Amino acid sequence: MSPLLIVVLRVLAAIGLMLANGVVLIYMLRKVLGHLHVRLGPMHMGPKGVLQTTMDVLKLLTKEDVTPTNVDKVLFFIAPALVFVPALMAYAAIPFSETWRITDLDTGLLYSFAALSVIPIGLLMAGWASANKWSLLGGMRAAGQQIAYEVPLLLSVLPVVMVVGSLNMSDIVAAQSGLWFVIPQLPAFVIFAIAGLVELNQTPFDMSEAESELVAGFASEYSAMKFGLLFLSEFSNSFIMSAIGVTVFFGGWMIPFVPAEVMQPVAPVIFMTKVYIGIFFMMWIRGTFPRVRIDQLMQLGWKWLIPASLAWIMITGLVIKVWQLGPGAS
Amino acid sequence: MSDPRDDVISVGALAAEGTHSAGDPPAGIRRVPSGVDGLTTEHLIINMGPQHPSTHGVLRLLIEVDGEEVLAAETSLGYLHRGIEKLAESRKYHQLGTLMDRGDYVSGMHGEQAAALATEKLLEVTVPDKARYIRTLVAELTRLASHLVWYGTFGLDTGAMGQFLYAVRDREVLLDILEEISGQRMMFNYIRPGGVVADLPVGIEKKILDFLTDFDVHLEEHHALLGGNEIFQMRVKGIGTISREMALAFALSGANLRATGVGFDVRRDRPYDAYPDLDFDVPVGSTGDAWDRYMVRMEEMRQSVRMVRQCIEGMPEGDFTAKVPKVIRPAEGEVYASVESSRGETGVHLVSDGSPEPYRYHYRGPSLFACQVLEEILPGHLLADVVMMIGSLDIMLGEADR
Amino acid sequence: MLPDATAVSHILTAAGVSNAVVATETLGVVCRLEAASVLRALEALRDGELDFRVLLDFLGADTGEEIEVTYHLRSLTRDEELFIKATVAYDGELRSVWNIYASALMPERETAELLGLSLVGHPNPKRLLTTDGVEPLLRKSVPIRTVEEVRNR
């Protein structure tokens, strides 16, 4: 096989994974929220409603794509793509197992975060181009909160990088064969979880599309598959954030005290299970918590999370230095 | 090139369309100057509603914002105006209840009760004891159902989806009970001048008591789900504070008034039906913010449960209605009767000219006054607080627009 | 519940309101006065010793000859209620009392539009419930459609 073909196949695999994930996650969201809310969720399409999301995708594909008169047509058209493509790009560096990955990047962690940080531009563009005040407010909120929380999000994984000494995701997983980083790095994980929820626009930080305040935020004027892309990228983002969390703090495809040979054949399954458990927790939070206010969110970010993550970086650095000078010196 | 600032319409300018001199504003009312300030931020006029998802029906707010901060707000009503007052002038007296059901459509019994009490005042009939107790019983059950809707939507307004359906689950049982009593889920038309339309069905007491046994637990669960949440407390504490003076100036009533520390309750201070016989407390708040309103309403639900129990225990024997002529022709006169509905003091001002139809029928909806105070408390808050405050005031547009 | 009628008339006379008739009717204690002196009377009652701090409700009614407006006052400290009535001619002017009682803002707009009065001294004298061009619905001269009319429409 030519190298080009392999690259094309890998990209197709990423797209396929993303679409399949979207369909599964939407169904999962509906069922999880349904059962949290003492109701059943979708029940009519197929057994237990499993075909509901498929039908929804078909509906979105066949619906009329309405472009309101006053929108900035170019930006209105580009924005969903600009949200969708980075979400797709971020799949590249995620290791599903030792061999299952789209590409093995030495700066994989940084690359994933870099890809995710392009998304606010797309959201702001969508909000601005929609010629709708609610969309504008939603886009502004999305850009504001995501840019503000990039900082604590990156700072929260830095201690792990310092311990491992590599940005390669496979190396980070390999370093956790004995102990998951969530135990020694618990404060970093807490900061990561909060900042990650903000990055994902998830409840309790879903300011940008707060349905009770801003109708649907930046997505108000979108319809048909353009809306579908915005919607899908959101689920894809939560998958990526959960995958990064699993890789950095929960040992990726590995389970402690189980020999690598036993795990190897089922590694992707273990990884996916962990990721889905992470997503389940996000949905749990989504179905339970009220929304914080935008000023409270910003205060939490700048006044608490950033200082806390900086302090934790310093503590980790000191411990590493003491270890190098003391017990680890020999 | 024209100054772009010319395009900015201010709500203040909208308000001053008719060029009457407004005079000095009274104490306690502030008018935030609108337009563009010295900085180069452009203010935005947002039209919130009547198709907005969380304006509780068809409330329309014109909000002037600087970024996220609300500078001025104007309430615009009338999207649900059906002319109930005019229609009542061509209805017979016993038909007034059907109109009141459609006023405050979430707590219909209270409207019917107000209309029936006003008619009885004109007729000077004595309502049998059993009818008084049945009325009080269904009124308190309706209050529970209505407060559960408020509780659920208040959570939705702050972004919490979880507790809404838990509240609706309890409300569903209540509506089933009310349906069994009256034959309808929300448009009851059960309370008529002179009494009620039918006796309680056999075995309903057990159903109600069974429900209350569950509800005692569920109510504390509801409180823990929403009120026990740190984020929710962060959102409501100290927000939307209404001072006592403002509450009196704007004639607030019900929980909105009591949250400011004024302990006026029609049930206690203008007793009607079986309330003089019942033992209940009137909860009051202290600061008048959204949290106090929440706590007062939650406590009201506990008191309603107490009252329902007392009504069932003390239910007397006897007739469920007094002898009232088929076509009611009250003497000429003018009366005012009010009840404590879920939202405040629902009053009926009735003028009779001796004919079978009311001459003038006026319906005082407490939500109309809550809508007014909204214009006053919104400035200075953030956009996210707007929906939260609409929820905390428990506005029902059916009775504001009538 | 019922205020002392003589105390009410004392306050009104002290405030310079003449021709005020205070009487106890089926409605309660009703004070009838001229439309021109309503503002002065309300201000005196609010600040006077009877402490009528709340304007509970405001409504108008078409008596067949003119419009009768009713101010429903409540004093929470003394637990008393008082009704002030005044008459306004058809197409007359309704003077706003919002400077004294802010709760009158919307009920006044509603009364003015539904009874065809012009609202004076109000900060926002727009229509509240109906759109422009709707006739004053609560006037007795404005009929509503009968069942037959609706059926034959």
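Two residues are in contact if their C-beta atoms, placed from the backbone, lie within 7 Å. This is a predicted model, in which local features need pLDDT of at least 70 and side-chain atom pairs count only at pLDDT 80 or more, while totals for chains, interfaces and linings use all residues. Residues are numbered from 1 along each chain as its sequence is written, with chains lettered from A and ligands numbered from 1 in the order in which they are written.

**Exercise 1.** Find which chains touch, and describe the side of chain C that faces chain B.

*Solution.*
1. Chains A and C have no contact; their closest C-alpha atoms are 25 Å apart.
2. Two pairs of chains touch, and the pair B and C has the most contacts.
3. Here 32 residues of chain C meet 38 residues of chain B.
4. On chain C, at least two residues each come from strand 3 (54–62) and helix 3 (105–115). Helices (H or I, at least four residues) and strands (E, at least two) are DSSP runs, numbered from the N terminus.
5. Strand 3 of chain C gives the largest share, six residues.
6. This side of chain C holds 19 nonpolar, eight polar and five charged residues. Ala, Val, Leu, Ile, Met, Phe, Trp, Tyr, Cys and Pro count as nonpolar, Asp, Glu, Lys and Arg as charged, and the others, Gly among them, as polar.

**Exercise 2.** List the residues that join helix 12 and helix 14 of chain B, and sort them by class.

*Solution.*
1. The helices span residues 290–313 and 383–393 of chain B, respectively.
2. Helix 12 of chain B contributes B:A290, B:R293 and B:Y294, and helix 14 of chain B contributes B:M388, B:M389 and B:S392.
3. By class, four are nonpolar, one is polar and one is charged.

Definitions and conventions
Axes fitted to C-alpha atoms, helices over the stretch in contact; angles between N-to-C directions.
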